[in-house]
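Subject: Handing over the structure

Hello,

Here is the structure I promised to pass on to you. Please have it open while you read the notes below.

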Amino acid sequence: MEHEFYMQRCLALAIKGLGNVSPNPMVGCIIVHEDQIIGEGYHQQFGEAHAEVNAVKDVFERHGDKATELLKKATAYVTLEPCAHFGKTPPCADLLIKHQIKKVVVGNTDPFESVNGKGIEKLKNVGIEVVSGVLDEECKLVNRRFFTRIKEHRPYFILKWAQTADGFFAPEDQSQRWISGAEAKVLTHQWRSEEDAILVGKNTVLVDNPQLDTREVFGKNPIRLVIDKNLDIPLNFHIFNDVAKTIIFNEVKTDVVGNIHFVQMEDMHFYLPQKIAYQLYLMDIQSVIIEGGANILSQFITANLWDEARIFTSKTTWGEGVKTPLINGKIREEISVGNDRLQILKR
């Protein structure tokens, strides 16, 4: 149980990087000496120091001249296998070897081709004891976005919508009408700050003129993805403002105007979700939250290109309107958010 206890702390550190390290994984690391945590760290920002580097640095900041000897007798716990290759930073396996760490406990092996067992092999080759697979499933859950991108060559797709108690998604007359409450709105903005991008279709933009930002919370704005086949959205709509990069998938042109990127596609009425998934993979976009409309959501469901669905159900009834998308999934969580009920499904 000792390994699991310390790995839980690593996971708590890892998720602090949510929304800031993509397309890298979220990683937490702690260093333990005689049942005391002597240093800890996590990957805070893409392109900057990895978790192991920050944890070792923390040991030196806390313990000064004693740090070198403490590390030689210490165990490092890390949620993901230490990297073995030179990327934007040097290999973390080499760092642990340099400081003669006695033992390394790992959550997941890294599926990335340049690592995938090579980090563990490096450590073992110099006599460092390695224990792997500790809280394996919990570590995979934290890095589900990263694992999906590496293994399936596509982003992690999260579907999100609100529905009435009697199963309606939007008014038939395309008027703007709120379903969920203020608490759900704040939570939605928090979710946006945690993902790389947000995707909507043309009709959603024309009806709601959404800003697709995170103004209700403190956090980065996601990249805005809009499907607009014939470029029908007027240029004075919010999606063309400068608060976030915006990508417009269309059949008319490829161009870059300021922060607006027009990406031309052929035959968008065929295999649209698959085409978008591939384009986003090439752009290193690791996760996408899809917020509408009903047709776009249904296309991704039909294509089986979704990983989570987050569905708010209000207590109001309409009696008529656009029916909510049909989805089959396993309920992972069910909670109350204000007056609404939130279900989180996994595929």
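Below is what I found, beginning with a helix and its surroundings, then two cysteines, and ending with a set of strands.

Please keep in mind that this is a predicted model.

A good place to start is helix α1, which covers residues 2–14 and has 13 residues. From its first C-alpha to its last it reaches 19 Å, close to the 18 Å expected at 1.5 Å a residue. Tyr-6, Met-7, Cys-10, Leu-11, Leu-13 and Ala-14 are the buried residues to look for in α1. If you look down the helix axis, the buried residues of α1 fall within an arc of 155°, so they line one face of the helix. The elements that cover them include the strands β1 (28–33), β2 (36–42), β3 (75–80) and β4 (103–108), along with helix α6 (136–142).

Thr-79 shows this packing from the other side. This residue sits in strand β3 and is buried, with a relative accessible area of 3%. Leaving aside neighbours within four places in sequence, Thr-79 is in contact with several residues of the helix, namely Met-7, Cys-10, Leu-11 and Ala-14. Its other contacts include Met-26, Val-27, Gly-28, Gly-107, Asn-108 and Cys-139.

Now to the cysteines. You may wonder how many disulfides the model has: the count comes to 0. Take Cys-10, whose closest cysteine sulfur is the one in Cys-29, 6.0 Å away. A disulfide needs the two sulfur atoms within 2.5 Å, so 6.0 Å is too far for a bond. Seen from Cys-29, the closest cysteine sulfur is in turn that of Cys-10. Both residues are covered: Cys-10 counts as buried because its relative accessibility is 0%, and Cys-29 counts as buried at 1%.

Further along the chain, have a look at strand β9 (residues 223–227). This strand is mostly covered, with 4 of its 5 residues buried. On one side, β9 runs parallel to strand β8 (residues 197–201), and 5 bridges join the two. Within that pairing, Val-200 has Val-226 as its bridge partner. Together with helix α9 (residues 202–208), β8 and β9 make a right-handed β-α-β unit. Strand β9 also pairs with β10 (residues 246–250), again in the parallel sense, over 4 bridges. There, Arg-224 stands opposite Thr-246 of β10.

I hope this helps you find your way around.

Best wishes

Key:
Residues are numbered from 1 along each chain as its sequence is written. This is a predicted model: local features need pLDDT of at least 70, side-chain atom pairs count only at pLDDT 80 or more; totals for chains, interfaces and linings use all residues. Side-chain values use heavy atoms; hydrogens and water are left out. The expected span of a helix is 1.5 Å times one less than its number of residues. Buried means under 20% relative accessible area, exposed over 50%, partly exposed in between (1.4 Å probe, protein chains only). The arc is that of the directions from the helix axis to the C-beta atoms. Contact means heavy atoms within 4.5 Å. Two strands pair if DSSP finds at least two bridges between them. A crossover is right-handed if, with the strands pointing away from the viewer, the path from the first strand over the helix to the second runs clockwise.
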